[in-house]
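Biologist: Please give a close account of one part of this model: the packing of its interior, together with the spaces left around that packing.

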Amino acid sequence: MVRQYLQLGSRTLSYLDNAPDAAGQPVLVLVHAFPMGSGMWEPQFRGAFHGWRILAPDLRGFGGSTDERAEHVDPSIDDYAEDVIGLIRDVAHGPVVLCGLSMGGYASLAVMRRAPQLVRALILADTRATADTLEGRARRKAMLTVLEHDGPQGVARDMMPGLIGATTRAGNPDVEETLRLLIKRQSPAAIRDAIVRMMERPDSMALLPTIQVPTLVIVGDEDTLTPPADAEAMAAALPQASLVRIAGAGHMVNLEQGQAFEASIDDFLASLPA
Ligand code: MLT
C-alpha cells in the first residue's frame, strides 16, 4: 500500500493505492465514511480483493487532501463526486467498481448522477439514498455545535454509539479505538464542511431505478445509523441489486466484520462480466 498524491487543478487529492505500477488490472475504488479519511480502509489493503487494484481517496479536506473552497461557495456533496471522478479519470483511466460506505455512498450516488459512464458496478455499504429528514438536519446542526466546542474528539465521542454494533462493543474494543484515532486526526474544517455537504445532499431515491450496472448493497444487521430497512429500500429500487446483511456488524461493517465484508465483495466481483 502506497500513499499517492494527485493534482486536480489547484487541489491535491491524496489516495491509497495497493498497486501503483499495475497496468491493466481492474480497479476497485473505496470511498470512506464520515469523518474518517482513507485510513479506515487499511484492513482491506492487507491482501483483500486479489487481482484488483484498490484506490481509496481522502475526500477533500480529509487526510492528506486539500480543500480550496472559496468562502462564498457553499459545500456540496458534488464536490466529493468531483474528487472521485478526478481519481477515476486520471489514475484508473477507465470504468471502475465503485464502493462507498455511508457518506462514501452519498458521494458514490452523486458520481452516478454526474458520470455514470465511469462506473461498471456499484457497491453501497451501510448508506441510504434518502435525504436528511428534519430531525436528521437538527442532529447535524447539533453536531456543528459539538465540533465548535469540543473539536473532532467531541464528534468521535458523540458518534461512537451509532458507529459500532452491540457485538463489536462487547467483544472487539480495538475497533472503537481505531475509529477514535481516525476521527481525531481530521481537521475541524473538513468535518464542518462534510456535515454541511451531507445535510444539503439531495434525495437519490429517484436516481436508483436509472442505475444500469450491477449493484451490491451491504448492511450490518446491527446498523442503527443507516439500518437494514434503508438497505432493503435501496435494493428494491435498484434494477440490478443484490443485498447482503452481515451478522454481528453495526455501521462500520468493513472494520467490524472485515472478513465477511470482503467475502461478500469478492463474490460480487467474481460475478461481474470481464
Ligand atoms: C457516515 O458514517 O458517513 C455518517 O455517519 C453518515 C451520516 O451521518 O449520514
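Modeller: The account below begins with the core, passes to one helix that is covered by others, and then turns to the cavity, the pockets and the backbone.

The model is predicted: local features require pLDDT of at least 70 and side-chain atom pairs count only at pLDDT 80 or more, while totals for chains, interfaces and linings use all residues. Residues are numbered from 1 along each chain as its sequence is written, and side-chain values use heavy atoms, with hydrogens and water left out.

The largest nonpolar core contains 93 residues. Such a core is a set of buried Ala, Val, Leu, Ile, Met, Phe, Trp, Tyr and Cys residues joined through side-chain atoms within 4.5 Å. V29, F34 and L179 have the most contacts inside this core. Its greatest contributor is helix α1 (residues 77-92), which supplies nine residues; helices here are DSSP runs of H or I with at least four residues, strands are runs of E with at least two, and both are numbered from the N terminus. In soluble globular proteins, nonpolar side chains tend to be buried together.

F34 deserves particular attention. Setting aside residues up to four places away in sequence, F34 touches M103, M143, V155, M159, I191, A194, I195 and M198, where contact means heavy atoms within 4.5 Å. The backbone at this residue is also notable: a cis peptide bond joins F34 and P35, with omega at about -15°. P35 belongs to the loop between β3 (27-31) and β4 (53-57).

Four of the names in that list recur in helix α6 (residues 188-199): I191, A194, I195 and M198 are among its buried residues. What length should a helix with the 12 residues of α6 span? At 1.5 Å a residue, 16 Å is expected, and the end C-alpha atoms of α6 are 16 Å apart, which agrees; the expected span is 1.5 Å times one less than the number of residues. Nine of the 12 residues of α6 are buried, so the helix is mostly covered. Buried means under 20% relative accessible area, exposed over 50%, and partly exposed in between, with a 1.4 Å probe and protein chains only. The buried set also includes A190, D193, V196, R197 and M199. Among what covers these residues are α1, α2 (103-114), α3 and α5 (173-184).

Helix α3 (residues 134-163) holds R157. R157 is partly exposed, because its relative accessible area is 44%. Apart from neighbours within four places in sequence, R157 is in contact with V146, D150 and R180.

The enclosed space comes next. A search of the whole structure finds one cavity of 30 Å³ or more, and the largest cavity has a volume of about 40 Å³. On a 1 Å grid over the protein atoms alone, a cavity is a set of points where a 1.4 Å probe fits but cannot get out, whereas a pocket is an open set with protein on both sides within 12 Å along at least five of seven lines; lining residues have an atom within 4 Å of a point. Grid points are joined across faces, edges and corners, and a volume is the space filled by probe spheres set on the points. Y106, L109, R113, R128, A129, R201, P202 and S204 line the largest cavity. Four of these lining residues are nonpolar, one is polar and three are charged; Ala, Val, Leu, Ile, Met, Phe, Trp, Tyr, Cys and Pro count as nonpolar, Asp, Glu, Lys and Arg as charged, and the others, Gly among them, as polar.

The largest pocket holds about 620 Å³ of space. It is lined by 26 residues, of which G136, R139, R140, M143 and L225 are the closest to its centre. M143 thus appears both in this group and among the contacts of F34. Helix α3 gives the most to the lining, with 10 residues, and α2 and α3 each supply at least two. By class, the lining has 12 nonpolar, eight polar and six charged residues.

The second largest pocket has a volume of about 250 Å³. Of its 15 lining residues, G39, P43, R46, T178 and L255 are the closest to the centre. Helix α5 provides the largest share, five residues, and the lining has five nonpolar, five polar and five charged residues.

Two further backbone positions complete the account. F49, in the loop between β3 and β4, has a positive phi of about 60° although it is not a glycine. F49 counts as buried because its relative accessibility is 1%. H93, in the loop between α1 and β5 (96-101), likewise has a positive phi of about 60° without being a glycine. H93 counts as exposed, at 62% relative accessibility.
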